[in-house]
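Reader: I am new to this structure and would be grateful for a close look at a single part, the surroundings of the ligand. Please set that part in its wider context as well.

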Amino acid sequence: MSESKKVLLAVSGGIAAYKSAFLARELMRAGVEVRVLMTHGARAFVQPLTFQALTGFEVHTDLLDETAEAGMGHIELARWADLILVAPASANTIARIAQGSAEHLLGTVILATSAPVLLAPAMNKHMWANPAVQRNCAQITELGHELIEPDAGLQACGDVGAGRMPEPEVLSEIVISRLSSLHRAHPLEGKRVLITAGPTVEAIDPVRYLSNHSTGMMGYALARACRDAGADVTLVSGPVALNVPVGVKCTQVQSARDMLEACLKACTDQPFDLMIATAAVADYRTREAVPQKIKKSQDEMLLDLVKNPDVLATLAEQFPLTFHVGFAAETQRVEEYAKGKLGDKKLGAIVCNDVSRSDIGFGAVDNAVTLYFAGGESLELVKAPKDQIAKQLIFAIAPHLS
Ligand code: CTP
């Protein structure tokens, strides 16, 4: 167990609250100091006395309770915790945290903390699948908190599906692994990072364009991960339907040439320590974008295409001291092609991703990748949400920066 070992276990309303009693015990067995906060809903399922007896400390329940605030106020509690685990996280609690509500103790503590916040959602499978809940979950991730995917199986209400809180032993293991990585939670402190993301769009005429299926999700996830790792992040993004991560500088571009220009401009003051190119840059553009809409007067139309500049290869050539990471989107001979690009573009590393798989390809929530370093090292990251893959990539890449 590392130095960081103080966990605030926040229990919200749901039948899985009974499992949190076992979770508190598991954590304490592993040497973690546990304090418990219970929402009003949680107290309908389990008595605070249960947690008080297990942890030996009074349970925190109310925001405006003078005696409790005199003991350890909400700000102090927020400062005390090395990590906050919300388990179970009910649909209502997720909505409040997503909104940044300070109406109750839990929301206030989360607003006031700088500790990592993990949430273990638990609810009926239809509630979990509801778009409103999923939208709130997406906002929670954007805020930099981590969601622990619920298990699927038989639910307390008799339904079978996704929404069960993972078992206490599993949650305890996740918490312990996050605590042990806390001392290296800012591996990019003081570093400047440039990320390209999304597709590029190459105009054919004022109405039509050439582009691709990239949604920008992986690039935006990496921008958040780099920001959370302490970096000063600049994002150069093609057109996507995503919110710019808070605290990240972003230049929106259309074409490959715009993207290259924006990247070069961003490098003028000072070169970056790290550049990660996730953009799916269109390889070709039409020789000339026609100023008026092309009419369909003929049965056939031939587009005269010319090659676009390679943004990543150009930057790697001009700024050899920057550590450049490429993304190889392949559908066949994945490793061979990816390693070819690693050498050809003079990169420090390449992330190789099989886009022929619909469960991890363009627009998918998850990804599974292999990271190859120029030095020969490699790392396989199994299928996980893109935010998690992004964090793992950053932790793997950071030690390679000078
Ligand atoms: N890339 C780039 N500019 C381009 C093409 C690619 O910056 N004009 C970058 C991508 O952002 C990615 C890496 O190069 O990080 C590899 O991109 P990919 O599309 O997989 O390969 P290409 O070099 O375009 O080769 P091909 O299309 O033949 O696979």
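Author: A polar contact is here a pair of N or O atoms within 3.5 Å. The model is a predicted one, and every value below is computed from it.

With that cut-off in mind, consider phenylalanine 327, where a polar backbone atom is 2.8 Å from an oxygen atom of the ligand. The backbone of alanine 279 also takes part, with a polar atom 2.6 Å from an oxygen atom of the ligand. Aspartate 283 contributes through its side chain, a polar atom of which lies 2.9 Å from a ligand oxygen. The protein buries 77% of the 560 Å² that the ligand exposes when taken alone.

The shell around the ligand consists of 14 residues. The closest are Ala277, Ala279, Phe327, Lys341 and Lys345. Sorted by class, the shell holds nine nonpolar residues, four charged residues and one polar residue. Two elements give two or more residues to this shell, namely helix H13 (311-318) and strand E16 (323-330). The largest share, four residues, is that of E16.

Strand E16 leads to the wider setting. It belongs to an open sheet of eight strands with mixed pairing, in the order E12-E11-E8-E13-E16-E17-E18-E19. Strand E12 (249-252) and strand E19 (378-385) each have a single partner strand, so one side of each is left without a neighbour in the sheet. From one strand to the next, the twist averages 15°. In general, the strands of a sheet pair through backbone hydrogen bonds, in a parallel or an antiparallel sense. E16 and strand E17 (residues 349-354) run parallel and are joined by six bridges. Within this pairing, alanine 328 has cysteine 352 of E17 as its bridge partner.

Helices lie across this sheet. H13, already named as a contributor to the shell, lies across strand E8 (192-197), strand E13 (274-277) and E16, and runs at about 160° to E16. Helix H15 (residues 386-397) lies across E13, E16, E17, strand E18 (366-373) and E19, at about 160° to E19.

A backbone detail follows E16. Most residues other than glycine have a negative phi, and most peptide bonds are trans. Arginine 333, in the loop between E16 and helix H14 (334-344), has a positive phi near 40°.

Another sheet can be described alongside this one. It is open, with five strands in the order E2-E1-E3-E4-E5 and parallel pairing. Its edges are strand E2 (33-38) and strand E5 (146-147), each of which pairs on one side only. Strand E1 (residues 6-11) pairs with E2 over six parallel bridges, and alanine 10 has leucine 37 in E2 as its bridge partner. Helix H1 (residues 17-29) lies across E1, E2 and strand E3 (83-89), running at about 175° to E1. Helix H3 (residues 48-55) lies across E1 and E2, and its direction is at about 170° to E2. This sheet also has a backbone detail of its own: proline 88 lies in strand E3, and the bond that joins alanine 87 to proline 88 is a cis peptide bond with omega of about -5°.

To return to the ligand, E16 is the element that gives the largest share of its shell, and the parallel bridges to E17 tie that strand into the eight-stranded sheet.

Conventions: Residues are numbered from 1 along each chain as its sequence is written. This is a predicted model: local features need pLDDT of at least 70, side-chain atom pairs count only at pLDDT 80 or more; totals for chains, interfaces and linings use all residues. Side-chain values use heavy atoms; hydrogens and water are left out. A residue is near a molecule or strand if one of its heavy atoms lies within 4 Å of it. A polar contact is a pair of N or O atoms within 3.5 Å; within protein, one must be able to donate a hydrogen and the other to accept it, and residues adjacent in sequence count only if both atoms are side-chain atoms. Accessible areas come from the Shrake-Rupley method with a 1.4 Å probe; for residues, only the protein chains shown count as cover. Ala, Val, Leu, Ile, Met, Phe, Trp, Tyr, Cys and Pro count as nonpolar, Asp, Glu, Lys and Arg as charged, and the others, Gly among them, as polar. Two strands pair if DSSP finds at least two bridges between them. Contact means heavy atoms within 4.5 Å. Axes are lines fitted to C-alpha atoms, for helices over the stretch in contact, and angles run from 0 to 180 degrees between N-to-C directions.
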